[in-house]
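The exercises below ask you to read strand pairing, side-chain contacts and accessibility from a single model. Each task is followed by a solution that proceeds step by step.

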Amino acid sequence: MGNSLLFIQFFVNKDTGYSVGSGGFIRKTTNGGENWGVQNSGTGNNLLSVHFINSDTGWAVGQYNTIRKTTDGGASWFSQQIESMSLFGQQIESISWYYAVYFIDGNNGFIGEGPNLGRLYRTTDGGSTWNTVNESITYSIRDIFFVNNLTGWAVGFADLNQTISKTTDGGLSWFNQPTEISISPISVYFIDSNHGWLCSTVGRIFSTIDGGVSWQSQDTPTDVTLNEIYFTDISTGWSVGEQGIILKTLTGGTIPVELTSFTGTAQHNYVSLNWQTATETNNSGFKIERKQVGSPQSSVGNQDWNQIAFVPGFGTTTEPKSYSFIDENLSSGKYQYRLKQIDFDGSFEYSNTVEVEVSTPVKFALEQNYPNPFNPSTVISYSLPQKEFVSIKVIDILGREVATLVNEVKPAGKFEVEFDASSLASGVYVYQIKAGSFTTSKKMLLTK
């Protein structure tokens, strides 16, 4: 094809596709783009957009009022035209560039005009006749896309104003969607009524998760003009542009929540969970899920996972972030943990699973309080090799009980309890544990 410039491609299915560009060339592939054959469009004008409704019927539009249609898969193309405009009763022959064409079905279709002040045209008879749709659309229309028979978008620009228009009635009426996009949009694509993308000049791509009410900029590795964007699902998409640039995403173009580490460590009768992210996009947060391995409550599948906490995320950030959570008052045994990372739109992804074992003490024990001496509070640790009713009391040097720290049944494990002596006088105190037949005591010193 020499130095012909590719403007845009359109695939009817995974095998059959068409591309158009300068010099009026049209190329067709029937093997997913591995090989392309040349078709005669019947014009030497640059073709700027192509759209097919099935393997046989399609349209290509371009410079100088060019509209070409095929009904035999591109074996032959014939001309269609939009009638000249009438001004004060006089027919005005205008020279227009048609940048966009889109057909909902074999009868209903749209053409977008440019390059300066443009118009949106609509046909209801397969392109035999055309009428302007909305006189308020006077910007240069660069692309048109419908996600279903009723809902569609047109994008373009006029001077320094970037414009996105939307219809919800099959193109009978259109309304502008306010946007803060400062770069000229050139191509738009929606995978459903909410999730869409558009590409523009200087390598910019924007995405929306609310049907175009708001748009977020996405990072790309180029600053050349991007002419087309296309997605096969909510994650996988391509954008092509000048200088032969081809971009691909497997994450919907967003910076994923990149989890770099997730660990769990057993300490006494609790587990400390820690994790880090390198980047985050639209991260609502993390649900922490736990299950006890081999517990009688365990069941098949995901039913044995229980949510124990939710930790908020940082939204969108390219800075590394650290998170932690303490799962307290655990009995002895093996536990598994996983993170359920949730986006603001409700989509989610699970982390890897970590397993932690909380060990059962081999004997009863009462540890020395720490710190000691203390003021005004200290921590007392104790261990139980089996489930027992536990009583821990504090007694002064006269033998009077001044506090009861524990008075309940406890499972086997290691435990801590805090003693606050703010209301007591300085001096020596004794703390005593009774657990089944096990009884012992230790001294501690309060200094104020």
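**Exercise 1.** Is Asp327 buried or exposed, and what is its relative accessible area? Then find the salt-bridge partner of Asp327 and place both residues in their strands.

*Solution.* The model is a predicted one. Begin with the accessibility: Asp327 has a relative accessible area of 6%, and because buried means under 20%, Asp327 is buried. Next, look for the partner, which is Arg290; the closest N and O atoms of this salt bridge are 2.7 Å apart. Arg290 lies in strand β28 and Asp327 in strand β30, so the pair links distant parts of the chain, 37 residues apart. Finally, check the other end of the bridge: Arg290 has a relative accessible area of 22% and is partly exposed.

**Exercise 2.** How many salt bridges are counted in the model? Describe the one between Glu289 and Arg338, and set beside it the one between Lys410 and Glu408.

*Solution.* The count comes to six salt bridges. In one of them the side chains of Glu289 and Arg338 meet, with an N to O distance of 2.7 Å. Glu289 belongs to strand β28 (residues 280–292) and Arg338 to strand β31 (residues 333–343), so this pair ties together parts that are 49 residues apart in sequence. As for accessibility, both Glu289 and Arg338 are buried. Turning to Lys410 and Glu408, the closest N and O atoms of their salt bridge are 3.4 Å apart. Lys410, at 15% relative accessibility, counts as buried, whereas Glu408, at 40%, counts as partly exposed.

**Exercise 3.** In what order do the three strands of the open sheet containing β26 stand, and which strands are at the edges?

*Solution.* The order is β26-β27-β30, and the pairing is antiparallel. β26 (259–267) and β30 (321–327) each have a single partner strand, so they stand at the edges and one side of each is left without a neighbour in the sheet. On average, neighbouring strands of this sheet are turned by 15° against each other, direction ignored. Between β26 and β27 (residues 270–277) there are eight bridges, and in this pairing Leu259 stands opposite Thr277 in β27.

**Exercise 4.** Trace the pairing from β36 through β39 to β40, and then locate Leu398 and the nonpolar surface patch that includes it.

*Solution.* First, β36 and β39 (residues 427–435) pair in the antiparallel sense over seven bridges, with Ser391 opposite Lys434 in β39. From β39, nine bridges lead on to β40 (residues 438–446), again with the strands running antiparallel, and here Ile433 stands opposite Thr440 in β40. The hairpin of β39 and β40 has two residues between the strands, and in this hairpin Gly436 takes a positive phi near 65°. Leu398 is in the loop between β36 (388–396) and β37 (401–410), and at 63% relative accessibility Leu398 counts as exposed. Together with Ile397, Val428 and Leu445, Leu398 forms a nonpolar patch on the surface, with about 390 Å² of accessible area together.

**Exercise 5.** Which contacts does the side chain of Thr66 make, and in which strand is Thr66 placed?

*Solution.* Thr66 is in strand β7 (residues 66–70) and, at 6% relative accessibility, counts as buried. The side chain of Thr66 makes a polar contact with the side chain of Asn45 at 2.9 Å, and the side chain of Thr66 also reaches the backbone oxygen of Gln63 at 2.4 Å.

Notes: Residues are numbered from 1 along each chain as its sequence is written. This is a predicted model: local features need pLDDT of at least 70, side-chain atom pairs count only at pLDDT 80 or more; totals for chains, interfaces and linings use all residues. Side-chain values use heavy atoms; hydrogens and water are left out. Two strands pair if DSSP finds at least two bridges between them. Helices (H or I, at least four residues) and strands (E, at least two) are DSSP runs, numbered from the N terminus. Axes are lines fitted to C-alpha atoms, for helices over the stretch in contact, and angles run from 0 to 180 degrees between N-to-C directions. Patches are made of residues with over 30% relative accessible area and no salt bridge: like charges are joined within 9 Å, nonpolar side chains (Val, Leu, Ile, Met, Phe, Trp, Tyr) within 5 Å. Accessible areas come from the Shrake-Rupley method with a 1.4 Å probe; for residues, only the protein chains shown count as cover. A salt bridge is a side-chain nitrogen of Lys or Arg within 4 Å of a carboxyl oxygen of Asp or Glu. Buried means under 20% relative accessible area, exposed over 50%, partly exposed in between (1.4 Å probe, protein chains only). A polar contact is a pair of N or O atoms within 3.5 Å; within protein, one must be able to donate a hydrogen and the other to accept it, and residues adjacent in sequence count only if both atoms are side-chain atoms.
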